[in-house]
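Trainee: I have a new structure to get to know, and I'd like to understand the words people use for it. Could you take me through it?

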Amino acid sequence: MKVMRAIERCRTAALGGHVARCENAACGHTLISYNSCRNRHCPKCQAAASRRWLADREAELLPAPYFHVVYTLPSKLRDIACQNKRVVYDLLMKAAAETTLAIAADPKRLGARIGITAVLHTWGSALTHHPHVHMIVPGGGLSFDGTRWVSSRSDFLVHVKVLARLFRGKMLAMLTQAHGAGLLTFFNTHAGLADKRTFKRFIAPLRHSKWVVYCKAPFAGPQQVLRYLSRYTHRVAISNRRLVAADDAGVAFRWKDYRADGAARWKTMRLHPHEFIRRFLLHVLPKGFHRIRHYGLLASANRAESIATARALLGVAPPAAGQQEPPDSTPETPRVLPCPCLRCGARMIVIEVFARGCEPRWRPEPSRMDTS
Ligand SMILES: [Zn+2]
Ligand SMILES: [Zn+2]
């Protein structure tokens, strides 16, 4: 309900706002802005957060090829994940990260400590429940004595069968342990799984089934990594761009059908509003859940130090201090807007602030509205 209310009220008078006018009197361009909800599930409120996040990450990029690995939770476990979001999503991210770190630490493969940035996505293209973890992994890491940078071969992580097997073992072991510790709850048709033996029988076939781990070709360079990250990190289940039409009878949106090829992949789906909202809300995360996480070298405890060491070993200069900060980064009600006048480029000065639930007192002058 909180998420729904936030999204409904975002950038409307319900949240208040401000009126700004161009300081160039000859121009006088005036703009009403409504405050945003800043809820992390709101499709309108992700752009600013994603820009800030990217600027921070840019300073951490290493001159190495980056791999993109995707770990997917088997469909048989999706309902259990849905009924135990906090626990199972957490284990999914943990199992995927531990798998990648272990493969990298193996002296036969890389023999180094790597850094991982992982993002949890819970949706498929048609808003269905499809939990998977996107992972960005540099092709190299620090030697365990911390004195050398170890570069990977170009096929590092490409042998996904090895990753999939290890991931399967870890995930199932973690799930079994969580069940034993009484951390999982089961409802409806799954209520029977609360019983230890029933649960064991349920997951037994998963020990022999094929789990899906996917490794895309390494990125061409750090810039591609950032562009990629910007598309994935702060995404919500659906972007406003994909919405085609909405009325009382249905919501139409574009979705990608991975079974089709080329341009035919993009299709339009129409759902009853209740079903659309149900699917959207499937992807609301538990309060405080971190869906972007850093592991290994990038884990927060030693992050700055590890990155500095890696950069020194790779012979790259530390990023210039005091990189341009965006002007005024907390402006729900700034005196001067961060963006200049769209018509003449002069500063936009706030001339009125209005409270939640109020409309601005400012009204466009009739002469300006009159187009005749
Ligand atoms: Zn919002
Ligand atoms: Zn102007």
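Mentor: Sure, we'll go through the zinc sites, then a sheet, then the cores. Keep in mind that this is a predicted model.

Trainee: What makes a residue a donor of the zinc ion (ligand 1)?

Mentor: A donor is an N, O or S atom within 2.8 Å of the metal. The SG atoms of Cys10, Cys37, Cys42 and Cys45 lie 2.3 Å from the zinc ion (ligand 1), so they count under that 2.8 Å limit. Along the chain, these donors follow the spacing C-x26-C-x4-C-x2-C.

Trainee: Why is the site of the zinc ion (ligand 1) called tetrahedral?

Mentor: Four donors earn that word if all angles lie between 85 and 135 degrees. Here the angles among the 4 donor atoms are 103 to 113 degrees, so the site is tetrahedral. For reference, the ideal angle for four tetrahedral donors is 109.5 degrees.

Trainee: And what makes the site of the zinc ion (ligand 2) tetrahedral?

Mentor: The angles among its 4 donor atoms run from 92 to 117 degrees, which lies between 85 and 135, so the label holds. The donors are the SG atoms of Cys22, Cys27, Cys341 and Cys344, lying 2.3 Å from the zinc ion (ligand 2). Their spacing in sequence is C-x4-C-x313-C-x2-C.

Trainee: How do you know whether Cys341 is buried or exposed?

Mentor: Its relative accessible area is 5%, and buried means under 20%, so Cys341 is buried. Cys344 has 38% relative accessibility, between the 20% and 50% cut-offs, so Cys344 is partly exposed. Back at ligand 1, Cys42 is at 1% and therefore counts as buried.

Trainee: On to the sheet. Why are strand S8 (213-216) and strand S12 (292-296) called edge strands?

Mentor: The open sheet has 5 strands in the order S8-S3-S5-S4-S12, with antiparallel pairing. S8 and S12 each pair on one side only, and they are the edge strands. The twist averages 25 degrees from one strand to the next.

Trainee: How do you know that S4 and S5 pair?

Mentor: Pairing takes at least two bridges. S4 (residues 115-123) and S5 (residues 129-138) are joined by 6 bridges, so they pair, and they run antiparallel. One of the partnerships puts Thr117 with Ile136 in S5.

Trainee: Which residues have the most contacts inside the largest nonpolar core?

Mentor: Met135 and Met171, in a core of 50 residues. H4 gives the largest share, 10 residues. The residues Met135 touches include Phe67, Val69, Ala96 and Ile116. A second, separate core has 19 residues, among them Leu61 and Tyr228.

Definitions and conventions
Residues are numbered from 1 along each chain as its sequence is written. Chains are lettered from A and ligands numbered from 1 in the order in which they are written. This is a predicted model: local features need pLDDT of at least 70, side-chain atom pairs count only at pLDDT 80 or more; totals for chains, interfaces and linings use all residues. Side-chain values use heavy atoms; hydrogens and water are left out. Donors are N, O and S atoms within 2.8 Å of the metal (3.2 Å for Na, K and Ca); water is not among the atoms, so sites may look incomplete. Four donors count as tetrahedral if all angles lie between 85 and 135 degrees; four count as square planar and six as octahedral if opposite donors are over 155 degrees apart and all others between 65 and 115; anything else is irregular. Buried means under 20% relative accessible area, exposed over 50%, partly exposed in between (1.4 Å probe, protein chains only). Helices (H or I, at least four residues) and strands (E, at least two) are DSSP runs, numbered from the N terminus. Axes are lines fitted to C-alpha atoms, for helices over the stretch in contact, and angles run from 0 to 180 degrees between N-to-C directions. A nonpolar core is a set of buried Ala, Val, Leu, Ile, Met, Phe, Trp, Tyr and Cys residues joined through side-chain atoms within 4.5 Å. Contact means heavy atoms within 4.5 Å. Lists of a residue's contacts leave out its neighbours within four places in sequence.
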